[in-house]
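Open the structure in your viewer and keep the selection tool ready. We will go stop by stop.

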Number of protein chains: 2
Amino acid sequence: MAKQGAGELPKYQRIAAELRAAIESGQYGPGDQLPGENQLKETHQVALMTARQALDVLKNEGIAESRKGKGVFVRAFRPVRRRGVQRLSQEVWGSGRSVWADDAADRDLVVDGIEVGEAPATEPVARVLGLEPGAAVCTRHRRFVLDGKPVLLSVSHLPAELVAGSPVTQEDTGPGGTYARLAELGHKPVRFREEVRSRMPSAAETRQLELSAGTPVMRICRTAFDGDGRAVELNEMTLDAAAYVLEYDIEA
Amino acid sequence: MAKQGAGELPKYQRIAAELRAAIESGQYGPGDQLPGENQLKETHQVALMTARQALDVLKNEGIAESRKGKGVFVRAFRPVRRRGVQRLSQEVWGSGRSVWADDAADRDLVVDGIEVGEAPATEPVARVLGLEPGAAVCTRHRRFVLDGKPVLLSVSHLPAELVAGSPVTQEDTGPGGTYARLAELGHKPVRFREEVRSRMPSAAETRQLELSAGTPVMRICRTAFDGDGRAVELNEMTLDAAAYVLEYDIEA
């Protein structure tokens with residue numbers, strides 16, 4: 001970690017670099033409080049604005065985060081481990097448990113908002129589900145909250161004719177959830193495809209997931225296929241990247 | 001997309017919101033050039049700095065990107081599709097098509113740098129590989145370049161005693177690569193675990209991957225296990241998130 005050319009950096013960048021080095025060396029560990037604006041102002045003999053900019057650099061890098069009225073802390077990465085393979089196995093949803101229940105170990109992951117409706121399929125949804133654009137689709141919007149913090153937005157799309165009149169169109173889908181109901185309807189999911197990408201959040205996502213600065217989202221598009229190879233569900237998920245590790249077990 | 005309270009936003013934010021809406025509506029598509037600083041200055045009757053700040057907002061959100069000497073363009077997401085379960089990806093089992101189409105099939109992904117060496121295992125590497133901290137580990141650093149742009153950094157760690165004297169310790173590992181050599185050594189990988197997360201890049205990652213503003217990285221930690229359940233390789237990958245979609249096929 002040579003500090004080559006550090007003398008040429010603006011002051012706030014030099015202060016940020018010093019704090020970053022202290023975090024990387026372990027001097028400040030995950031969850032530790034960092035020196036505040038006033039303390040940095042005095043230690044470094046700079047304007048308050050300069051001290052604030054230094055902390056902003058670390059916040060925008062996702063290394064530090066503000067807690068209201070408390071100060072700035074080293075971000076602690078305590079992820080939910082989301083197991084892509086085990087959680088989709090029939091043993092999980094086949095026995096009446098939700099696919100989401102496995103995720104949070106001893107932590108409290110709950111749905112705090114659910115909205116079910118019917119809408120015309122957008123072009124990308126129609127393409128994935130093999131429908132005509134504009135065909136009716138059942139949509140299930142949910143928001144998941146972990147220890148009081150929103151961490152996941154989920155929108156599930158299903159062909160409306162497939163699930164018409166079933167509990168899938170209700171808020172409560174019953175034991176085993178949507179996949180158990182699809183099985184009863186003769187469209188048991190036997191394979192899934194998950195596509196994962198990451199990008200910075202939109203303004204709406206930042207608001208809905210209450211994201212701190214410097215936090216990307218992960219996007220998972222999961223398609224469920226029945227035994228005939230028909231795509232029976234598309235689930236678009238948006239995850240707070242600071243809250244999740246995705247785990248996939250693969251047999252060679 | 002109600003523009004509630006837009007009148008209270010600073011000018012540069014209002015200009016950014018207008019451009020964002022134009023991009024979301026499709027008026028500017030992926031790869032299209034956006035109005036430049038001078039044009040925005042004239043259209044909106046603002047200072048050049050204000051116009052520049054507006055474009056910076058979009059760049060930091062990862063929606064737009066600068067091309068040197070050419071201007072600012074709508075970011076085009078043309079991902080490389082990385083199939084986590086290659087064995088299954090050979091089969092065509094689904095009727096549903098992908099959300100993010102495979103643009104990269106005909107593109108040119110090459111290793112432009114490789115460095116092989118031996119080093120004492122760090123604590124996390126030792127833990128994963130079941131070694132004593134400080135035990136000798138063979139490390140293989142590679143950088144992958146797509147169409148001339150670095151997109152992936154990969155560091156592979158293997159127990160040194162396992163691969164001593166084999167081509168795994170050479171730059172060229174031979175046909176089938178490291179996993180084929182491990183098989184010949186009696187440690188054929190039969191199972192893999194991939195752990196995926198996302199965060200903002202460090203300064204070093206930004207430099208090595210030549211990342212634009214507003215671009216997170218994805219981190220994949222892949223562990224290979226042999227038939228005895230021994231972890232024989234840990235591969236830590238850092239991906240330009242704007243370049244990749246990760247795909248995982250899962251059987252229920």
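The tour starts with one chain, moves to the pair, and ends inside the core.

Keep in mind that this is a predicted model.

**Stop 1: one chain.** Select residues 11-74 of chain A. That is domain 1. Now select residues 80-247 of chain A and give them a second colour. That is domain 2. How many Å separate the centres of domain 1 and domain 2 of chain A? The answer is 38 Å, taken over C-alpha atoms.

**Stop 2: two copies.** Show chain B beside chain A. Two copies of a chain are related by a rotation about an axis and a shift along it. Here, a turn of 179° and a shift of 0.0 Å along the axis lay chain B on chain A, with an RMSD of 0.1 Å. That is how a two-fold axis relates its copies. Both copies use the same surface: 80% of the contact residues of chain B recur in chain A.

**Stop 3: the interface.** Select the contact residues on both sides. You should have 40 residues from chain B and 44 residues from chain A. The size of an interface is often given as the accessible area lost when the parts come together. Chain B and chain A bury about 3,900 Å² between them. Carbon and sulfur atoms account for 59% of it.

**Stop 4: charges and polar pairs.** Which side chains meet in a salt bridge? Select Arg191(A) and Glu251(B): N to O, the distance is 3.7 Å. The count between chain B and chain A is 1 salt bridge. The interface also has 7 residue pairs in polar contact.

**Stop 5: the core.** The largest nonpolar core has 52 residues. Among those with the most contacts inside it are Leu239(A) and Leu239(B). Zoom in on Leu239(A). Its contacts include Arg82(A), Val151(A), Pro216(A), Met218(A) and Tyr244(A). Tyr244(A) is also among the core residues with the most contacts.

How values were computed. Residues numbered from 1 in each chain as written. Chains lettered and ligands numbered in written order. Predicted model: local features only at pLDDT ≥ 70, side-chain atom pairs only at ≥ 80, totals over all residues. Heavy atoms only, no water. Domains from an automatic or database assignment. Least-squares fit on C-alpha atoms with pLDDT ≥ 70 in both. Contact = heavy atoms within 4.5 Å. Core = buried A, V, L, I, M, F, W, Y, C linked by side-chain atoms within 4.5 Å. Buried < 20%, exposed > 50% of the residue type's maximum accessible area, 1.4 Å probe, protein only. Buried area = accessible area lost by both parts, 1.4 Å probe. Salt bridge = Lys/Arg side-chain N within 4 Å of Asp/Glu carboxyl O. Polar contact = N/O pair within 3.5 Å; in protein donor to acceptor, adjacent residues only side chain to side chain. Lists of a residue's contacts leave out its neighbours within four places in sequence.
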